[in-house]
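Hi everyone, thanks for coming. I'd like to walk you through one structure today, so let's put it on the screen.

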Number of protein chains: 2
Amino acid sequence: MPYDPTKMKDWQIAEEAEKTMPTPEEWREKLGLEKDEIIPYGRIAKLDFLKIMNRLKDRPNGKFIEVTAITPTPLGEGKTTTTMGIIEGLGKRGKNVGGCIRQPSGGPTMNIKGTAAGGGNALLIPMTEFSLGLTGDINDITNAHNLAMVALTARMQHEANYDDEELAKRNLKRLDIDPKRVEMGWVIDFAAQALRNIIIGIGGKKDGFMMASKFGISVSSELMAILSIATDLKDLRERLGKIIVAYDKKGNPVTTADLEVDGAMAAWMRNTINPTLCCTVEHQPCLVHAGPFANIAVGQSSIIGDRVGLKMWDYHVTESGFAADIGFEKFWNVKCRLSGLVPNVSVIVATIRALKMHGGGPKVVPGRPLPEEYTKENLELVEKGIENLLHHINIVKKSGVNPVVCINSFYTDTEEEIKLVRRLVEQTGARCAVSEHWLKGGEGALELADAVIDACNDPVDFKYLYPLDMPLRQRVEIIAKEVYGADGVSWTPQAEEKAKMFESDPAYRDFQTMMVKTHLSLSHDPTLKGVPKGWVLPIRDVLVYGGAKFLCPVAGDISLMPGTGSDPAFRRIDIDVNTGKVMGLF
Amino acid sequence: MPYDPTKMKDWQIAEEAEKTMPTPEEWREKLGLEKDEIIPYGRIAKLDFLKIMNRLKDRPNGKFIEVTAITPTPLGEGKTTTTMGIIEGLGKRGKNVGGCIRQPSGGPTMNIKGTAAGGGNALLIPMTEFSLGLTGDINDITNAHNLAMVALTARMQHEANYDDEELAKRNLKRLDIDPKRVEMGWVIDFAAQALRNIIIGIGGKKDGFMMASKFGISVSSELMAILSIATDLKDLRERLGKIIVAYDKKGNPVTTADLEVDGAMAAWMRNTINPTLCCTVEHQPCLVHAGPFANIAVGQSSIIGDRVGLKMWDYHVTESGFAADIGFEKFWNVKCRLSGLVPNVSVIVATIRALKMHGGGPKVVPGRPLPEEYTKENLELVEKGIENLLHHINIVKKSGVNPVVCINSFYTDTEEEIKLVRRLVEQTGARCAVSEHWLKGGEGALELADAVIDACNDPVDFKYLYPLDMPLRQRVEIIAKEVYGADGVSWTPQAEEKAKMFESDPAYRDFQTMMVKTHLSLSHDPTLKGVPKGWVLPIRDVLVYGGAKFLCPVAGDISLMPGTGSDPAFRRIDIDVNTGKVMGLF
């Protein structure tokens, strides 16, 4: 230790670190858990959230550390890697530390990423379980979601085939669903573009009801959104009954409760409520719980994971999705509002590479070699690009949190480049630390860990960007101007009509605002880097999720089903038939 | 103990019995397993098949007991209940006994059955886990199967969009799949009739390839068929590469290996190879492993489950699907041939109710009260109906096994009715035992257990019905005449042409014959009860499964996707939000 990530692949590092990984029983002793609070699933385990919360209810929460980033290149800037690095660095400093991250989806794993467990010496293990379904939560969500679709489509068929009298014999009232207004689709946890737009119910009277339908990826399911924000099983159960699956011919919503399928959905999801315990390659505990999309949901691990982590260890690290304009904004105004939790510090991950891109560097394309600007010293590009980082620092400061900037260092970064960033960051009053966790694990993250520990002693006057009783359009205006830096917001007539309806109907009073926007720019246009000026945020629709209680103003393309490329990751994955070991996840 | 099943619902009995159910650690001690041979999954555990087989390879096998039935009413005659009863009865006699049964599908569970764990005092526990996904094998199969479909449909899209040169850059050779000859569909483990016939790939160039497609229920997947007959992980891995997903435009098969997805499929299925350990309400061990359809597959639990069970206990009980003409025939000529295992005895489950139906009693319809003929003594119907039982006894005897007939007794059966059946059965030389395991558990199954123990001492001269080098059509002729009692077989020109091709191509030489026929009659016509005479078996198609290596002559309707009815079981299922307990499985 540390392993040499320039010579070893991530799966090789994982394999080594997994040899001495604590067993569920060893974790139980290490974490001081009661016997029935830890539920083994093979090499890993789930934690019984309710039992632990009940036992530790009087214990004060630990320090709460959130990790976000600047606007990334399409390659990503190592947010999960940095999250692992912070946990490892705090561990090296002798702190009682742990974290919680998202569960990855099978779609990206089989298509591009191979895995999403960080990298090098800042890696989550066990890697195979993490990459391939973990303890089954996504499967459970997939089943619960699709059961609702079975209920919906079977009901539509039976209502078409039977008169009211026949329905009454089965104690059913006609729901009279409008087949043109079915909102919900099916889910599968792969990137299956062929199922994006489909026609179902072809055949005779017993082959369903013929209509247009669709598949999304499982992690885009409203059920996943619900899991990420549910405070407990009761909250989850209630929300599962309020999912709007369609509208009837009079325009009234038809819910999962109307289909009498919400109880069974909860039965299929009963185990998802408990977070799964994994760890870093240096064996600090890290929970994995929920993995919702960042556009129609919070895009970050669960409230439950944070609640239990804050009780179990003195420093709890959590990651919010994408850059601070998306991830931190939702963490701040949605996740924290729902949980009542307040972060002590936020870490903004930046790379010299991304700063150069924002400063006008050439386009970064996955799979192609990086242009020379990114591998050789170029202080001018860094200095110009810093404005994106300063904007993100400013976003975090608006919440009352003074961020720590982490320069996630690459071996091509020069001393002068790093010195420049450090100087400009420190001028804002934020802390700045360089970290080499990928190369050196916790030993490489000590400067970062110290900055985080120091920052955790700062008082935080945490305040939301807008109150929940503010009308929807006004909220969007504030987010667009204050967070994205837009001049204003434009609404299509359709979007505005919907917004007015939501503003006037008291049923939507406690609904959260969940912006849908690209993460590749502060604006809605992914090609605009740095800090775009003189633009207006166009809202073309507002989606509603009745169970998650989200209103989603749509300012960008929204695809709930990614595609599988022509050279997908699954081509390189196989097993060793003698040991069952999975190879090719990297 | 025993519980009173006339007053308690099955889930209440399960709940009581689960309170003292052994934990995975207790099982480890009880079964003398090494620490790494048992893998806990919550309250239950998987057994590491390879490690146990390796340790016990020199231990002689226990006695092998198979459970089949007469042609059932649509209500079923209690085959799983009797399997549990035999295990409990042998347990009460102090024998080291265990079993293996199939995992139920979410489709029937959510639609009609609620659960499929036996009933009364002859019940498998834990019931909730058993009914709702167990340790995730069906989810793993669903994912592995659908990943193949993702690979297929993405490949068709990319081949349509890219020329050969572009494909070559990705190291891809054009497969040139014929969209009219795509054989494989998608799977979902619910009864989703709306997905039976669909059109996919609607949209632009990046939205897949537009074509007709279909969904089957997961348990009908060829992957499930493969799991049930695989001898180990190596065998599973090899078979996963040979699945025929489509044909190219020249008519050549395109396989999962051609799509380079077979390794990743194996990765998703890596844990399915290990059976799951559950138990009876009297706490004898019972494995649950695989759950394939009985028409296109063996319809019974896995070869792996039997192999490990026979090493672990002195008496191993397994259940074959449906009646002896389907279940036992496949057990005998396919499962035993592939495993090399030989049963010591076969138990044929019969009920007075089913015998009366075969004797000309009125139609039995699920959900409607039983006609008086079935609830009052009627020796004439029983005597006439016995011919169906005698036919099944005769089928089993042809294998060289002398069966034990179990009269699965109902409280409405009269002494005279039972005496009559016993006399007629014993005239054939078969043993006969009356059993009350539903009412009394193991105490009620002692007569049956004693008959089974006694029968296990008989020598068995086990012989297959046909040699594997016999041509397909001749095999079907023998099965039709010798097992079903048909006068002969008729082939449609299409089926005959296919049969000739399979007979002449050496690639199919080691393929098994897997008949597709209703289980509700000895004939292909489900309305013909008793022992139909003077009929010919019509074969209209022959399906081929390249990974499972099955040729399936089709003599009946074949639906790989059942439908959800108008009053489905999911309406009555819910959870207790304070404990997570599932209610309404019955």
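I'll talk about how the two chains relate, then about a strand in the core, and finally about some salt bridges. Please keep in mind that this is a predicted model.

Let's begin with the symmetry. A turn of 180° with a shift of 0.0 Å along the axis lays chain A on chain B, and the RMSD is 0.1 Å. The two copies are thus related as by a two-fold rotation axis. If you want to find that axis on the screen, look for A:Tyr41: its C-alpha, at 2.1 Å, comes closest to the axis among the residues of chain A. As for the interface, 99% of the interface residues of chain A are also interface residues in chain B, so the copies meet through the same surface.

Now to the inside. Which residues touch the most other members of the largest nonpolar core? They are A:Phe550 and B:Phe550, in a core of 262 residues. Beyond its neighbours within four places in sequence, A:Phe550 has contacts that include A:Ala225, A:Ile296, A:Val334, A:Phe511 and A:Leu543.

Let's stay in chain A and look at strand 24, residues 550–554. There, 5 of the 5 residues are buried, so the strand is largely enclosed by the rest of the structure. Both of its faces are covered, with A:Phe550, A:Cys552 and A:Val554 buried on one side and A:Leu551 and A:Pro553 buried on the other.

What does strand 24 of chain A pair with? Strand 21 of chain A runs parallel to strand 24, with 2 bridges, and here A:Gln512 stands opposite A:Phe550. Strand 23 of chain A pairs with strand 24 in the antiparallel sense, over 5 bridges, and A:Val542 has A:Pro553 as its bridge partner. The hairpin of strands 23 and 24 has 4 residues between the strands, and A:Lys549 takes a positive phi near 60° there.

Last topic: charges. Over all chains, the structure holds 86 salt bridges. Let me pick a few.

In chain B, B:Asp450 and B:Arg93 meet at 2.7 Å, N to O. B:Asp450 lies in helix 19 and B:Arg93 in the loop between helix 4 and strand 4 of chain B, so the pair ties together parts that are 357 residues apart in sequence. B:Asp450 is partly exposed at 32% relative accessibility, and B:Arg93 is partly exposed at 41%.

Finally, a network of salt bridges links A:Glu260 with B:Asp567, B:Arg571 and B:Arg572. That's my tour, and I'm happy to take questions.

How values were computed: Residues are numbered from 1 along each chain as its sequence is written. Chains are lettered from A and ligands numbered from 1 in the order in which they are written. This is a predicted model: local features need pLDDT of at least 70, side-chain atom pairs count only at pLDDT 80 or more; totals for chains, interfaces and linings use all residues. Side-chain values use heavy atoms; hydrogens and water are left out. Copies are superposed by least squares on the C-alpha atoms of residues with pLDDT of at least 70 in both. Contact means heavy atoms within 4.5 Å. A nonpolar core is a set of buried Ala, Val, Leu, Ile, Met, Phe, Trp, Tyr and Cys residues joined through side-chain atoms within 4.5 Å. Buried means under 20% relative accessible area, exposed over 50%, partly exposed in between (1.4 Å probe, protein chains only). Two strands pair if DSSP finds at least two bridges between them. A salt bridge is a side-chain nitrogen of Lys or Arg within 4 Å of a carboxyl oxygen of Asp or Glu.
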